[in-house]
Amino acid sequence: MSRGYVYLSYEGEGNLRLFMTLIGRLLRDKVHGEPKGEGRFLLTLEDAQSTLPVFEASFDALCLDNPGIEKALIIPSTSPCFFEGLELLGAKELDTYGHLCLAHPELLDSAMALLEPLSPEEVEAAYAYIKCGESPSAAGLGIYAHKNTVCNRVKRFVQKTGIDLSLFSNQLFVYLLGNEWKKTLQRG
């Protein structure tokens, strides 16, 4: 079961409790969260394949019912490097980190730190896997590796970064990060 993460900005503890009650009822308690200080909160959505679309579709209505929720950003993992993106959103706005990177490529610079514990082969495999529509066979042809090798490298990528590659918003982010990584390699 995949997990999704949403970073919230809010005003007032009462507003946050009301929001969590509403979202808990809506998502049948497949959501929990933790405060991150200064009016920020990290939501973790269990079974993100089904809960993230419900959250996205309901966000505007939840904000109308609860004016204390200011904005929300769907992030690829719990890494603190994603939290700065919340500042770039306007009031009552919801976006994904990958989509935000299209308009603000500078966000990828700080996210490059996620790749430090990875081998170049693991990064290349994850990038090829996404680029080839999640096909290990096609990715293997592109990087001259067996499909099982691609699967193992992608699995290690997911374990080390905490980024679930089954979610499209995460795939977009990793694709953009992979492009940035390739540019860095070409620069030397």
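**Exercise 1. A bridge from strand β3**

In this predicted model, determine which residue forms a salt bridge with Arg 40, and establish where the two partners lie along the chain.

*Solution.* Begin with the side chain of Arg 40, which forms a salt bridge with Glu 87, the closest N and O atoms being 2.0 Å apart. Next, place the partners in the secondary structure: Arg 40 belongs to strand β3 (residues 40-46), whereas Glu 87 sits in the loop between β4 (69-75) and β5 (94-96), so that the pair links distant parts of the chain, 47 residues apart. Finally, consider accessibility, where partly exposed covers the range between 20% and 50%: Arg 40 has a relative accessibility of 22% and Glu 87 one of 45%, and because both values fall in that range, both residues count as partly exposed.

**Exercise 2. Two further bridges and a network**

Compare the environment of the partners in the salt bridge of Lys 160 with Glu 122 and in that of Glu 34 with Lys 36.

*Solution.* Start with Lys 160 and Glu 122, whose side chains meet in a salt bridge at 3.1 Å, N to O. This pair links distant parts of the chain, 38 residues apart, with Lys 160 in helix α7 (residues 147-161) and Glu 122 in helix α5 (residues 120-131). The partners fall into separate accessibility classes, for Lys 160 is partly exposed at 41% relative accessibility, while Glu 122 is buried, with a relative accessible area of 2%. The bridge also belongs to a wider arrangement, in which Glu 122, Arg 156 and Lys 160 are linked in a network of salt bridges.

Turn then to Glu 34 and Lys 36, where the closest N and O atoms of the salt bridge are 3.2 Å apart. Glu 34 is partly exposed, with a relative accessible area of 39%, and Lys 36 is likewise partly exposed, with a value of 36%. To set these examples in context, a search of the whole structure finds 7 salt bridges.

**Exercise 3. Ring pairs that involve helix α8**

Classify the aromatic pair of Tyr 97 with Phe 173 and that of Tyr 127 with Tyr 175 from their ring geometry.

*Solution.* The whole structure contains 8 aromatic pairs. For Tyr 97 and Phe 173, the centres are 5.6 Å apart and the planes stand at 75°; because an angle over 60 degrees counts as edge-to-face, this is the class of the pair. The pair links distant parts of the chain, Tyr 97 lying in helix α3 (residues 97-103) and Phe 173 in helix α8 (residues 168-187), 76 residues apart, and both residues are buried.

For Tyr 127 and Tyr 175, the centre-to-centre distance is 5.4 Å and the angle between the planes is 15°; since planes under 30 degrees apart count as stacked, that is the class assigned here. Tyr 127 in helix α5 and Tyr 175 in helix α8 are 48 residues apart. Tyr 127 is buried at 5% relative accessibility, whereas Tyr 175 is partly exposed, with a relative accessible area of 30%.

**Exercise 4. The packing of α6 and α7**

Describe how helices α6 and α7 are oriented, and identify the residues that make their contact.

*Solution.* The axes of α6 (residues 136-143) and α7 come within 8 Å and cross at roughly 100°. Because angles of 65 to 115 degrees count as roughly perpendicular, this term describes the two helices. On the side of α6, the contact is made by Pro 136, Ser 137, Ala 139, Gly 140 and Ile 143, and on the side of α7 by Lys 147, Val 150, Cys 151 and Arg 153. Sorted by class, the contact has 5 nonpolar, 2 polar and 2 charged residues.

**Exercise 5. The surroundings of Leu 43**

Decide whether Leu 43 is buried or exposed, and find which residues remote in sequence contact Leu 43.

*Solution.* Leu 43 lies in strand β3 and is buried, with a relative accessible area of 0%. Leaving aside its neighbours within four places in sequence, Leu 43 contacts Gly 4, Tyr 5, Val 6, Leu 8, Phe 19, Met 20, Val 31, His 32, Gly 33 and Phe 55. For Val 6, which is 37 residues away along the chain, the separation of its C-alpha atom from that of Leu 43 is 5.0 Å. Two of the contacting residues, Phe 19 and Phe 55, also join Phe 59 in a cluster linked by ring pairs.

Note on methods: Residues numbered from 1 in each chain as written. Predicted model: local features only at pLDDT ≥ 70, side-chain atom pairs only at ≥ 80, totals over all residues. Heavy atoms only, no water. Salt bridge = Lys/Arg side-chain N within 4 Å of Asp/Glu carboxyl O. Buried < 20%, exposed > 50% of the residue type's maximum accessible area, 1.4 Å probe, protein only. Helix = DSSP H or I, 4+ residues; strand = E, 2+ residues; numbered from the N terminus. Phe/Tyr/Trp six-rings, centres within 6.5 Å; stacked < 30°, edge-to-face > 60°. Axes fitted to C-alpha atoms, helices over the stretch in contact; angles between N-to-C directions. Parallel < 35°, antiparallel > 145°, perpendicular 65-115°, else oblique. Contact = heavy atoms within 4.5 Å. Nonpolar A, V, L, I, M, F, W, Y, C, P; charged D, E, K, R; others polar.
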